[in-house]
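Grab your viewer and work through a few exercises with me. Each one sets a task and then walks through the solution.

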Amino acid sequence: MSDYRKLDAEYYMPAFSRTMMIRRGKGCTVWDDDGNEYLDLVAGIAVCSTGHCHETVVQALCRQAHELIHCSNLYYVPGQAEFAKRLAEVTGLSQVFFTNSGAEANEAALKLARLATKRTKAVSFTHGFHGRTLGSLAVTHKPGIREPFEPLEPKCSFVEFGDLEGLRAAVDTDTAAVLLEPIQGEAGIIIPPEGFIEGVREICDEKGALLIADEVQTGMGRTGTWLAMHQTRAMPDIVSLAKGLGSGFPVGAIVAREGLAFKKSEHGSTFAGGPLASAAGMATIDVIEPLLPNIAAKGERFREGLARWNPRVRGLMIGITVGEKCPEVQARCAEKGIIVNCAADGNLRLVPPLIITEAEIDRATGVINEVLTEICS
């Protein structure tokens with residue numbers, strides 16, 4: 001076996017902080033290169049929605065790989081139209097454009113909003129995260145990752161998450177779109193005040209701006225409905241999806257309401273919505289659909305198990321404010337066989353596969369309680 005740590009240090013740009021190699025995964029369980037077993041509550045950061053290597057997804061990918069791996073979007077792509085139809089149906093929107101990632105989906109959403117409104121500015125929210133490409137970074141709040149790359153386009157104003165009056169003041173006649181995470185994921189599972197999302201929709205309608213719901217992390221059943229927006233009385237003009245859309249295969253998309261669509265040559269992508277992506281996405285939808293009715297109850301089981309720590313829970317998005325000791329908690333949980341994640345501002349984030357069982361939830365909450373008591377009490 002190669003010395004991958006040495007090779008990584010020599011040849012791979014040091015953009016990530018890493019401590020282990022995950023060699024194998026099945027369901028909610030992964031194994032590292034030393035053979036240690038872990039219950040995975042991160043799932044590739046809400047990516048492996050159907051668990052690791054779900055047989056339905058694996059079989060769909062293998063069948064397609066034996067027939068055709070890549071087909072340019074110059075031609076009709078096998079499975080692409082069927083995948084688009086399913087996405088339109090489950091989101092309740094109209095037409096789809098596929099991408100390869102969440103950042104690309106948000107880039108596409110911003111382009112479509114500018115085309116549709118003939119406006120150039122954007123508004124988004126403090127602590128929101130929308131990607132690291134230059135366009136998606138422009139609407140991402142965190143100064144530490146955004147400011148080194150300024151000036152950025154589109155010009156963006158940032159409003160406190162939950163502040164409707166601040167939003168009303170920020171949206172003007174040159175605002176093409178307001179970008180909103182229905183629940184802020186990278187910020188540590190921050191749930192907005194009651195009625196906030198409906199208020200954002202109302203302000204967008206008043207001002208003629210489009211509402212883009214970034215559901216890269218919250219979408220595809222993560223919160224117990226296909227979209228987190230489905231739990232509100234508001235619908236977006238455009239929704240961006242990725243992460244859980246392909247069960248680990250790179251798939252992203254925007255889905256837009258009727259009347260919003262790219263025309264010929266207004267956007268494009270070589271790899272997006274290819275045969276493998278379409279196969280993975282269709283299989284993922286098939287697996288998630290019967291899981292949806294039980295997601296809320298699984299979240300409540302996490303809430304009850306971690307009640308001492310006042311968790312923020314919406315379906316299988318769980319956040320706990322830990323503070324500066326969060327990295328220590330993460331490391332200690334790993335030592336005890338549970339993989340968790342520290343998001344921003346010392347918030348512990350749990351986004352397990354949607355297939356997680358009651359027994360696995362109980363095991364996880366037992367260990368997390370033990371570690372939090374040990375470190376934070």
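Before starting, one cut-off: a residue is buried if its relative accessible area is under 20%, exposed if over 50%, and partly exposed in between. Also keep in mind that this is a predicted model.

**Exercise 1. Work out whether the two faces of strand 9 are covered or open.**

Step 1: split the side chains by face. In a regular strand they alternate between the two faces of the sheet. For strand 9 (residues 238-241), that puts I238 and S240 on one side, with V239 and L241 on the other.

Step 2: check burial. I238, S240, V239 and L241 are all buried, so both faces of strand 9 are covered.

Step 3: look sideways at the neighbours. Strand 8 (residues 210-214) runs parallel to strand 9, and three bridges join them; I212 has I238 as its bridge partner. Strand 10 (residues 252-256) pairs with strand 9 in the antiparallel sense over four bridges, and here L241 is partnered with A253.

**Exercise 2. Place strand 9 in its sheet and find the edge strands.**

Step 1: write down the order. Seven strands make an open sheet, 4-10-9-8-7-5-6, with mixed pairing.

Step 2: read off the ends. Strand 4 (95-99) and strand 6 (156-159) are the edge strands, each pairing on one side only. From one strand to the next, the twist averages 20°.

Step 3: check another pair. Strand 5 (residues 121-125) and strand 7 (residues 175-180) run parallel and are joined by three bridges, with T175 as the bridge partner of K121.

Step 4: add the helices. Helix 4 lies across strands 4, 9 and 10, at about 120° to strand 4. Helix 5 (residues 102-117) lies across strands 4, 5, 7, 8, 9 and 10, and runs at about 175° to strand 8.

**Exercise 3. The structure holds 21 salt bridges; take three of them and say which parts of the chain each one links.**

Step 1: start with D8 and R18, whose closest N and O atoms are 2.7 Å apart. D8 sits in helix 1 (residues 4-11) and R18 in the loop between helix 1 and strand 1 (22-26), so this pair ties together parts ten residues apart in sequence. D8 is partly exposed at 32% relative accessible area, and R18 is partly exposed too, at 48%.

Step 2: go on to E289 and R86, which meet at 3.5 Å, N to O. E289 is in the loop between helix 10 (275-288) and helix 11 (292-305), while R86 is in helix 4 (residues 80-91), 203 residues apart. E289 is partly exposed at 41%, whereas R86 counts as buried at 16%.

Step 3: finish with R201 and D237, at 2.9 Å, N to O. R201 belongs to helix 9 (residues 196-207) and D237 to the loop between strand 8 and strand 9, 36 residues apart. Both R201 and D237 are buried. They also belong to a salt-bridge network with D205 and R257.

**Exercise 4. Describe how helix 11 and helix 13 cross.**

Step 1: choose the descriptors. Two packed helices are described by the angle between their axes and the distance between the axes.

Step 2: fill them in. The axes of helix 11 and helix 13 (residues 358-376) come within 9 Å and cross at roughly 25°.

Step 3: classify. Angles under 35 degrees count as roughly parallel, and helix 11 and helix 13 are therefore roughly parallel to each other. Their crossing is right-handed.

Step 4: list who touches whom. Helix 11 contributes K298, R301, F302 and G305 to the contact, and residues from helix 13 include E358, I361 and D362.

How values were computed:
Residues are numbered from 1 along each chain as its sequence is written. This is a predicted model: local features need pLDDT of at least 70, side-chain atom pairs count only at pLDDT 80 or more; totals for chains, interfaces and linings use all residues. Side-chain values use heavy atoms; hydrogens and water are left out. Buried means under 20% relative accessible area, exposed over 50%, partly exposed in between (1.4 Å probe, protein chains only). Two strands pair if DSSP finds at least two bridges between them. A salt bridge is a side-chain nitrogen of Lys or Arg within 4 Å of a carboxyl oxygen of Asp or Glu. Axes are lines fitted to C-alpha atoms, for helices over the stretch in contact, and angles run from 0 to 180 degrees between N-to-C directions. Angles under 35 degrees count as roughly parallel, over 145 as roughly antiparallel, 65 to 115 as roughly perpendicular and the rest as oblique. A crossing is left-handed if the near helix is turned anticlockwise from the far one by less than a right angle, and right-handed if clockwise. Contact means heavy atoms within 4.5 Å.
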